[in-house]
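Please open the model in your viewer and keep the selection panel at hand. The tour below moves from one selection to the next and says what is found at each stop.

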Amino acid sequence: MSASRRKGAADALGPEEPEKNGPATGRSARSDDGEGPGHTDGTDGTDGTDHMDDIDHTDDIDTEDAMDSVDPGDADLLAALLDGMDAALCAFDADGVVTHWNREAERILGWSAEDAVGRRGFAGWAVRTADAEEIETRLMAAMHASGRQVHEFALVTKDGGRVLVRTQSAAVRGPDGKPAGLYCAFSEVHAQIDLERSIALSEALFEDASWGVVLVDADLRPAVVNAHAARSLGMGRTAVLGRPLGELLAQGVEEVESALAHVLAEGAPPAPAEIWVGVRTPDGEKRRCWRSGFLRLASPLAEEPVPLGVGWLFQDITETKQTEQEAALLRFRVNQLHRAARAAAECEDPGEAATVHLDFALAGFADHALIDRVAGTAPADDGPVRLVRVAATPSGAPGPSHLAGHAGIPVRYGRGHPALQCVERAGSVRASAGSAGPEAARDWAASRQWPPGTVHALCAVLRSRGRTLGVVTFLRGAGRTPFERTDSLYAEDVAVRIAAALDLEALGKAAR
């Protein structure tokens, strides 16, 4: 219960009226003869003020009628509001007498409402005597200032300790507009600083942060986004709000929603997650890798944690991730070349050594591979090119490459076939079915004498001792990406080793 209820102090926060059939309000409620609060029944010819010098009265107000108009529950409501505040609050009348003192003030300083209400200022109890005049002057100045006044000073606790507090003081005006007192809300400085830091951090995250910040509600829809996140999504900050993630991301929606749902149910994960997403841009869809951290947001006002949503922080690490992947791929391919060279060195048959190089190159690079050799001697510039199949990987179940072409029958490649172009140009050639449908892709592969399901091809020329010996073809299915320039370089390294093995085989046959 607030001090105004327990001690009958005047309510300096609003118009003051006595309670019905209860104690009179104001400091003079304690009667001069010590008999307790006075009672005005309107029949003894007195004006019922009992020298209540801190309350303005008008002669034309009937005291008994005013008492009848007061709801007894109003004071209880005011007491509950004051005691339920998170901030410490005290109030003074125009003479500087404490009229209100809530539970938070008691918690911080230890002084109870009975100790505080009715005292004049803080001197001698809540502040040191040496500081009392300065502090009282600064507080009372708020009654004649506009707006709130913020101060910091040390208050004395009941057990003799000192607490540095930050106060916000403002005048309370009576019905006539004149200052009737002031209220002072205060909190410990470290608690106030923590609050200000939290607010400053929140504002900085949503304005100046160099990574994306998205607050997602319990329905997995963005509620707040910062400028960086909006740019990453390719939309304005307001255009993102309230929209399903499926409308914001072209790929990776399932992974993001799964992570958000997990955080809502189980809490934040122990480490950031790297999620690949597809973002729609004016130039088309782009794949980006976002290193994401998630935090479950709960209401601090509820007795039990109530999920408000998820805080999603992410940073674009696409370039870093691609660099890491390229470095890892390069290390793997170099290691494969090294292992292939050592394995091929143990082969007595140079043809078998060529297939060893092919098998090692196939791992993680392609689904199928073919080796075609130029039939006879190297053709003239204007002569037709005929290629004979030397080795191929199984088109069905995975397995090692097998040698073929013992009969020397040329492969029926049509004019403009990528393998023929590769031999004619003495350079690598890439081909792809593009965005063709399944039926068109099958026809495309069949017309080029490639296994069904092939949609991407890379042909590298086989050259040794200044001569073109043939071509090696690597094939990929629909589950893989098209061949790129870095893939061509790797295929050319493999082709050099295969060409050396085939040239050695030809020399051996010639010697026999």
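Begin by selecting helix α16 and colouring its buried residues, which are Asp487, Ser488, Tyr490, Ala491, Val494, Ala495, Ile498, Ala499, Ala501, Leu502, Asp503 and Glu505. Bear in mind throughout that this is a predicted model. With the helix still selected, compare its length with expectation: at 1.5 Å a residue the 27 residues of α16 should span 39 Å, and the end C-alpha atoms are indeed 39 Å apart, so the two values agree.

Next, select alanine 491, which sits in α16, the helix that covers residues 485-511. Alanine 491 has a relative accessible area of 0% and is therefore buried, since the limit for that label is under 20%. Leaving aside residues up to four places away in sequence, show Phe365, Leu458, Ala460 and Phe474, which alanine 491 touches. If you then add serine 428, which lies 63 residues from alanine 491 along the chain, you will find the two C-alpha atoms separated by 8.5 Å.

Move along to aspartate 503, which also lies in helix α16. Is aspartate 503 buried or exposed? At 4% relative accessibility aspartate 503 counts as buried, because this value is under 20%. Display the side chains around aspartate 503 and look for two polar contacts, one of 2.8 Å to the side chain of serine 464 and another of 3.0 Å to the side chain of arginine 467. Apart from residues up to four places away in sequence, aspartate 503 touches Ser464, Arg465, Arg467 and Leu469.

Now bring in helix α12, residues 318-345, which packs with α16 at an angle of about 10°, the axes being 11 Å apart. The two helices, α12 and α16, are therefore roughly parallel to each other, as the angle is under 35 degrees. To see the contact itself, select Arg333, Gln336 and Leu337 on α12, together with Thr486, Asp487, Tyr490, Asp493, Val494 and Arg497 on α16.

Finish with the cysteines. How many disulfides does the model contain? The count comes to zero. Select cysteine 90 and cysteine 184 to follow the reasoning: the sulfur of cysteine 184 is the nearest cysteine sulfur to that of cysteine 90, yet it is 4.4 Å away, so with a limit of 2.5 Å cysteine 90 is in no disulfide. Cysteine 90 counts as buried because its relative accessibility is 0%, and cysteine 289, the last selection on this tour, likewise counts as buried at 0%.

Definitions and conventions: Residues are numbered from 1 along each chain as its sequence is written. This is a predicted model: local features need pLDDT of at least 70, side-chain atom pairs count only at pLDDT 80 or more; totals for chains, interfaces and linings use all residues. Side-chain values use heavy atoms; hydrogens and water are left out. Helices (H or I, at least four residues) and strands (E, at least two) are DSSP runs, numbered from the N terminus. Buried means under 20% relative accessible area, exposed over 50%, partly exposed in between (1.4 Å probe, protein chains only). Contact means heavy atoms within 4.5 Å. A polar contact is a pair of N or O atoms within 3.5 Å; within protein, one must be able to donate a hydrogen and the other to accept it, and residues adjacent in sequence count only if both atoms are side-chain atoms. The expected span of a helix is 1.5 Å times one less than its number of residues. Axes are lines fitted to C-alpha atoms, for helices over the stretch in contact, and angles run from 0 to 180 degrees between N-to-C directions. Angles under 35 degrees count as roughly parallel, over 145 as roughly antiparallel, 65 to 115 as roughly perpendicular and the rest as oblique.
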